[in-house]
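Visitor: I would like a close look at a single part of this model, taken slowly and with the cut-offs stated.

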Amino acid sequence: MACLGTGCSEQKTPEAARIEDSRGETSAPLLGTPSQVKDLNPGSQPDNFLHPAGFFIELGNTVLFAATDKVHGRELWRTDGTAAGTSLVLDLFPGPTGSDPSNAVVMNGRVYFLAGATGNGVYQDGLWSTDGTTQGTRLVKPLHADGTFLTQRNGALFLGTTDPARTSAGFALWRSDGTPDGTVLLHSEQVETGVVGGHSAAWVGDTLVFTSAGATQGLSLWKTDGTTEGTVLLSDPVPGFDFNFVGGLIECGGKALYTAQLGENVHAL
């Protein structure tokens, strides 16, 4: 794990000019000299090079991230930017089998994320919550499905998973207030198609636009206002074409941009 920024080194560097990207948006550059905080996998050949550190998300003065070491599988870690302050938060799957935390967001002073909720090599995700401590890390609700995205808006979480009845196919959309009873299924498509991790989502105002495979169409564009009635099909690029692909959703200028398959080997933005 490495650190880059003004808080990572006692040596101060002059403030550099702000960086402007191709869209005309500016951001402050990272300052300082990169330095290693802690080697979680000592040695030149990590035991598990296929699972590098995952998300990094700030919670107060702590950064939470997913990583693996020589003892645990990929689990939830925390750091304050020092070696002594970098440690495992909780081994959700005790032993070398990792729970593989992913898709972390901050809401109401806590980090919510998707991670394995069952053991014995069965990777069915659950919704987890943490305040960055071992005692404050808990399972909100097992979803009995594979997670694909997690986002939040106005105090509500929205989760995309495979269909719980199909495990690794179909699609399900959940809404949660961060409690077990408040985590409910909004919509599901019980079909045999759908790719784990193949769904994407983006906010356009207070409307969540996402991709889902339906009973009568391939992967298509949907939207929701957070209600079952307001979760509807928005666009089917090629009606009747079961294997069309829609993905890469991103918000830009108040619109959702995405790629769509219009036919065999034909894609468009």
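Visitor: Is R74 buried or exposed, and what is its relative accessible area?

Guide: This is a predicted model, in which local features need pLDDT of at least 70 and side-chain atom pairs count only at pLDDT 80 or more, while totals for chains, interfaces and linings use all residues. Residues are numbered from 1 along each chain as its sequence is written, and side-chain values use heavy atoms, with hydrogens and water left out.

R74 is buried, at a relative accessible area of 18%, where buried means under 20%, exposed over 50% and partly exposed in between, with a 1.4 Å probe and protein chains only. Its side chain meets that of D100 in a salt bridge, at 3.4 Å from N to O; the term requires a side-chain nitrogen of Lys or Arg within 4 Å of a carboxyl oxygen of Asp or Glu. R74 lies in the loop between β6 (62-67) and β7 (75-79), and D100 in the loop between β8 (87-90) and β9 (102-107), so the pair ties together parts that are 26 residues apart in sequence. Strands here are DSSP runs (E, at least two residues), as helices are runs of H or I with at least four, and both are numbered from the N terminus. D100, unlike buried R74, is partly exposed, with a relative accessible area of 34%.

By this rule the count comes to two salt bridges. In the other, D206 pairs with R153, the closest N and O atoms being 3.7 Å apart. D206 lies in the loop between β17 (201-204) and β18 (207-213) and R153 in strand β13 (residues 147-153), so this pair ties together parts 53 residues apart in sequence. D206 counts as exposed at 51% relative accessibility, whereas R153 is partly exposed at 27%.

The strands around the R74 loop belong to an open sheet of four, in the order β5-β6-β7-β8 with antiparallel pairing; two strands are taken to pair if DSSP finds at least two bridges between them. β5 and β8 stand at the edges with a single partner strand each, so one side of each is left without a neighbour in the sheet. Neighbouring strands of this sheet are turned by 35 degrees against each other on average, direction ignored, with axes taken as lines fitted to C-alpha atoms, for helices over the stretch in contact, and angles running from 0 to 180 degrees between N-to-C directions. Four bridges join the antiparallel β5 and β6, and E58 has V63 in β6 as its bridge partner.

The largest nonpolar core has 13 residues, and among those with the most contacts inside it are F55, L64, L76 and F113; such a core is a set of buried Ala, Val, Leu, Ile, Met, Phe, Trp, Tyr and Cys residues joined through side-chain atoms within 4.5 Å. β5 (56-59), β6 and β10 (110-116) each supply at least two residues of this core, and the largest share, three residues, comes from β10. Leaving aside neighbours within four places in sequence, L76 is in contact (heavy atoms within 4.5 Å) with residues including F55, L64, L88, P101 and F113.

Set in the whole protein, this part belongs to a fold with zero helices and 23 strands, in which 42% of the 269 residues count as buried.
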